[in-house]
Amino acid sequence: MPTKKRKQTRTRSPADDQRRAQLHPIGVIRSAIKKLGEAPKQGSEGAPDAWLEVYPFATQGLDGLSAGDEIVVITLLHRARRDALKVHPRSDPRRPLTGVFATRSPDRPNPLGLHRVTIRTLTADRLRIGPIEAIDNTPVLDIKPVLNALEDF
């Protein structure tokens, strides 16, 4: 009786995942906040408005947005530590170490920032938004509208 060939399963390597999970920034934040230590923990804690410059390939994606709209800006927190799995919440050493997934810490394996902001001004390739706690030169990965409870997505 012939033996059945066993189907080989291939173990994925981190390099495979990196090839599949490539993200391409659509723009960049231009902010008065230049250093990490200058940034508030949340936008609602005194963050300024900033410009979101959209790269030419993505400007058509702004169609339908208007001044006054609320959006969620998804950023890559490019200066964050990627090796942190436990942090002191709000960078307060008096607080016990906590898993990063239970915090809003920028330090995490995939440091994505979520910023709910209002569009103040909109041009063909720039949005004045705020308040936003992102530092200058933060890459922007995506923009999504904030939906009202009664809207469909």
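Glutamate 53 is partly exposed, with 25% of its relative accessible area open. In this predicted model, glutamate 53 forms a salt bridge with arginine 126, and the closest N and O atoms sit 3.9 Å apart. The pair links distant parts of the chain, since glutamate 53 belongs to strand E2 and arginine 126 to strand E7, 73 residues apart. Arginine 126 also counts as partly exposed, at 28% relative accessibility. The pairing does not stand alone: Arg30, Glu53 and Arg126 are linked in a network of salt bridges. Arginine 126 has a further partner, in that it lies over the face of tryptophan 51, at 3.7 Å from the ring centre. Pairs of aromatic rings, on the other hand, are missing here, with a count of zero.

Salt bridges come to nine in total. Side chains of opposite charge can pair when their charged atoms come close. Another of these bridges joins arginine 120 and aspartate 49, with 3.0 Å from N to O. Arginine 120 lies in strand E6 and aspartate 49 in the loop between strand E1 (27–30) and E2, so this bridge ties together parts that are 71 residues apart in sequence. Both ends are partly exposed: arginine 120 has a relative accessible area of 39%, and aspartate 49 comes in at 26%. Then there is the bridge between the side chains of aspartate 142 and lysine 144, at 3.6 Å from N to O. Aspartate 142 is partly exposed at 30% relative accessibility, and lysine 144 is partly exposed too, at 42%.

Turning to the nonpolar interior, the largest core is made up of 18 residues, and those with the most contacts inside it are Ile29, Leu52, Ile71, Leu127, Ile129 and Ile143. Strands E2 (50–54), E3 (70–76), E6 (112–122), E7 (126–130) and E8 (139–145) each give two or more residues to this core. The largest share, three residues, comes from E2. Isoleucine 129 gives a feel for how these pieces meet. Neighbours within four places in sequence aside, isoleucine 129 is in contact with Ile29, Asp49, Ala50, Leu52, Ile71, Val73, Val117, Thr118, Ile119 and Arg120. That list takes in Asp49 and Arg120, the two residues whose side chains meet in the 3.0 Å salt bridge.

What about a polar residue, histidine 115, found in strand E6? Histidine 115 is buried, because its relative accessible area of 5% falls under the 20% cut-off. The side chain of histidine 115 is joined to that of threonine 75 by a polar contact of 2.8 Å. Beyond its neighbours within four places in sequence, histidine 115 is in contact with Ile71, Val72, Val73, Thr75, Leu77, Ile132, Glu133 and Ala134. Ile71 and Val73 are thus met again, as both are in contact with isoleucine 129 and with histidine 115.

Last comes a loop residue. Leucine 97 has its place in the loop between strand E4 (86–87) and strand E5 (98–99). Leucine 97 and valine 87 are ten residues apart in sequence, yet their C-alpha atoms are 5.1 Å apart in space. Not counting residues up to four places away in sequence, leucine 97 touches Lys86, Val87 and His88.

Conventions. Residues numbered from 1 in each chain as written. Predicted model: local features only at pLDDT ≥ 70, side-chain atom pairs only at ≥ 80, totals over all residues. Heavy atoms only, no water. Phe/Tyr/Trp six-rings, centres within 6.5 Å; stacked < 30°, edge-to-face > 60°. Lys NZ or Arg CZ within 6 Å of the ring centre and 35° of its normal. Core = buried A, V, L, I, M, F, W, Y, C linked by side-chain atoms within 4.5 Å. Buried < 20%, exposed > 50% of the residue type's maximum accessible area, 1.4 Å probe, protein only. Helix = DSSP H or I, 4+ residues; strand = E, 2+ residues; numbered from the N terminus. Contact = heavy atoms within 4.5 Å. Polar contact = N/O pair within 3.5 Å; in protein donor to acceptor, adjacent residues only side chain to side chain. Salt bridge = Lys/Arg side-chain N within 4 Å of Asp/Glu carboxyl O.
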